[in-house]
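The following exercises are intended for a reader meeting this structure for the first time. Each task is followed by a solution in steps.

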Amino acid sequence: MPLKPDDIFVVSYPRSGTTWTQELVWLLANSLDYTKAAAIPLSERYTFLEFSMFMNDSLREKLLKKNSGNEEMIKHIDTLSTPGSELVARTPSPRFIKTHLPISLLPPTLLDSTKVVYVARDPRDVAISYFHHTRMFKANPFSGDFKTFWNLFIRGMLRWTPFLEHVKEAWQMRNHPNMLFLFYEELSKDLSATIRKVAEFLGKQYSDEQIEDLCTHLKFDNFKNNTSVNMDLVVFTENKSFIREGKSGGWSEYFDENMTREAEQWISDNLRDTDLRFPSI
């Protein structure tokens with residue numbers, strides 16, 4: 001997939017703060033154009049590189065049948081069914097690309113060619129959020145309990161796993177001048193400082209007032225109610241919000257003592273060969 005020097009990738013494991021980071025990055029790169037951001041859904045401002053892999057023939061036929069006569073939705077379904085590399089190729093610059101693929105599955109020249117913002121999050125919070133996310137996915141919603149899901153997660157049996165290998169790959173590249181590695185916990189704890197860090201990475205300068213306005217725009221309650229960043233319901237079950245709770249440390253409400261010990265051991269074992277440490281641990 002040919003890359004361009006003004007491409008910007010947002011890379012993460014699912015439910016690590018991807019959507020939040022996408023909106024932040026896009027607005028900083030586009031002169032804080034809130035009007036345009038509101039008019040064009042985030043899913044259209046970014047190409048989701050591997051999404052077409054979910055659009056199997058059965059799901060596609062089901063969606064086309066359900067939306068028969070709705071030309072706009074049928075066009076959208078066609079777009080979702082098109083390989084991301086093809087969509088990127090016909091997207092005018094500057095191009096914004098979202099992916100949950102690990103660095104090792106992206107173009108080998110990625111960091112030499114373009115900018116990458118990677119965001120990571122406490123794996124226990126990721127697992128909780130991803131659990132709820134998969135339960136609302138129309139293609140094949142997960143119907144088991146969280147303990148079952150957690151066991152699949154730590155055994156690397158869910159999409160895009162193994163999680164810690166995913167994060168470690170990006171962590172190893174964190175000092176590359178074209179890589180900005182962020183933690184979700186940084187965004188939650190000090191959003192304005194993180195915004196400034198991203199702006200500097202993108203070569204942008206904004207006033208304190210502009211930064212404060214962006215913080216307000218990205219404040220969780222405002223963000224959750226922003227229809228432009230909530231995924232449309234063509235692929236998700238009705239009456240569910242794509243943006244959920246967004247809090248850090250919520251995992252403690254789901255983990256019993258055995259799961260807590262298991263998580264600590266799993267994280268410790270997998271981080272033994274690296275200096276990567278999650279801020280919340």
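Helices here are DSSP runs of H or I with at least four residues, numbered from the N terminus. The model is a predicted one.

**Exercise 1. Locate Glu262, classify its exposure and list its contacts beyond its neighbours within four places in sequence.**

Solution.
- Step 1. Glu262 belongs to helix 15, which covers residues 257-270.
- Step 2. Between the limits of 20% and 50% a residue is called partly exposed. Because its relative accessible area is 33%, Glu262 is partly exposed.
- Step 3. With neighbours within four places in sequence left aside, Glu262 touches Trp150, Asn151 and Ile154.
- Step 4. For Asn151, the separation from Glu262 is 111 residues in sequence, while the C-alpha atoms are 9.9 Å apart in space.

**Exercise 2. Describe how helix 8 packs against helix 9.**

Solution.
- Step 1. Two packed helices are described by the angle between their axes and the distance between the axes.
- Step 2. Helix 8 spans residues 123-135 and helix 9 spans residues 146-154; their axes lie 10 Å apart and form an angle of about 120°. Helix 8 is therefore oblique to helix 9.
- Step 3. The crossing of helix 8 past helix 9 is right-handed.
- Step 4. On the side of helix 8, the contact involves Pro123, Arg124, Val126, Ala127, Ile128, Tyr130, Phe131 and Thr134. Helix 9 contributes Phe146, Phe149, Trp150 and Phe153.
- Step 5. Sorted by character, the residues of this contact between helix 8 and helix 9 comprise ten nonpolar, one polar and one charged.

**Exercise 3. Determine whether Ser129 is buried or exposed, and find the partner of its side chain in a polar contact.**

Solution.
- Step 1. Ser129 is a residue of helix 8.
- Step 2. A residue under 20% relative accessible area is buried. Ser129 has a relative accessibility of 7%, so Ser129 is buried.
- Step 3. The side chain of Ser129 forms a polar contact of 2.9 Å with the side chain of Arg15.

**Exercise 4. Compare the packing of helix 13 with helix 1 and with helix 12.**

Solution.
- Step 1. Helix 13 consists of residues 208-218, and its axis is 11 Å from that of helix 1, at an angle of about 150°. Angles over 145 degrees count as roughly antiparallel. Helix 1 and helix 13 are therefore roughly antiparallel.
- Step 2. Helix 1 makes a right-handed crossing with helix 13.
- Step 3. In this pair, Trp20, Glu23, Leu24, Leu27 and Leu28 of helix 1 meet Leu214, His217 and Leu218 of helix 13. Six residues of the contact of helix 1 with helix 13 are nonpolar, one is polar and one is charged.
- Step 4. Helix 12, residues 191-202, packs against helix 13 at an angle of about 115°, with 10 Å between the axes. The crossing of helix 12 and helix 13 is also right-handed.
- Step 5. Here Leu191, Ser192, Ile195 and Arg196 of helix 12 contact Asp208, Ile211, Leu214, Cys215 and Leu218 of helix 13. The residues in the contact of helix 12 with helix 13 are six nonpolar, one polar and two charged.

**Exercise 5. Examine the backbone at Ser31 and Leu32, and state whether each residue is buried or exposed.**

Solution.
- Step 1. Ser31 lies in the loop between helix 1 (18-29) and helix 2 (34-39), and Leu32 is in the loop between helix 1 and helix 2 as well.
- Step 2. Ser31 is not a glycine, yet its phi is positive, near 55°. Leu32, likewise not a glycine, has a positive phi of about 55°.
- Step 3. Ser31 is exposed because its relative accessibility is 59%. Leu32 is buried because its relative accessible area is 12%.

**Exercise 6. Give the omega values of the cis peptide bonds that lead from Ser93 to Pro94 and from Thr161 to Pro162.**

Solution.
- Step 1. Between Ser93 and Pro94 the cis bond has omega near -5°. Pro94 sits in the loop between helix 6 (84-89) and strand 3 (96-99).
- Step 2. For the cis bond joining Thr161 and Pro162, omega is about 10°. Pro162 occupies the loop between helix 9 and helix 10 (163-172).

How values were computed. Residues numbered from 1 in each chain as written. Predicted model: local features only at pLDDT ≥ 70, side-chain atom pairs only at ≥ 80, totals over all residues. Heavy atoms only, no water. Axes fitted to C-alpha atoms, helices over the stretch in contact; angles between N-to-C directions. Helix = DSSP H or I, 4+ residues; strand = E, 2+ residues; numbered from the N terminus. Parallel < 35°, antiparallel > 145°, perpendicular 65-115°, else oblique. Left-handed = near helix turned anticlockwise from the far one by under 90°. Contact = heavy atoms within 4.5 Å. Nonpolar A, V, L, I, M, F, W, Y, C, P; charged D, E, K, R; others polar. Buried < 20%, exposed > 50% of the residue type's maximum accessible area, 1.4 Å probe, protein only. Polar contact = N/O pair within 3.5 Å; in protein donor to acceptor, adjacent residues only side chain to side chain.
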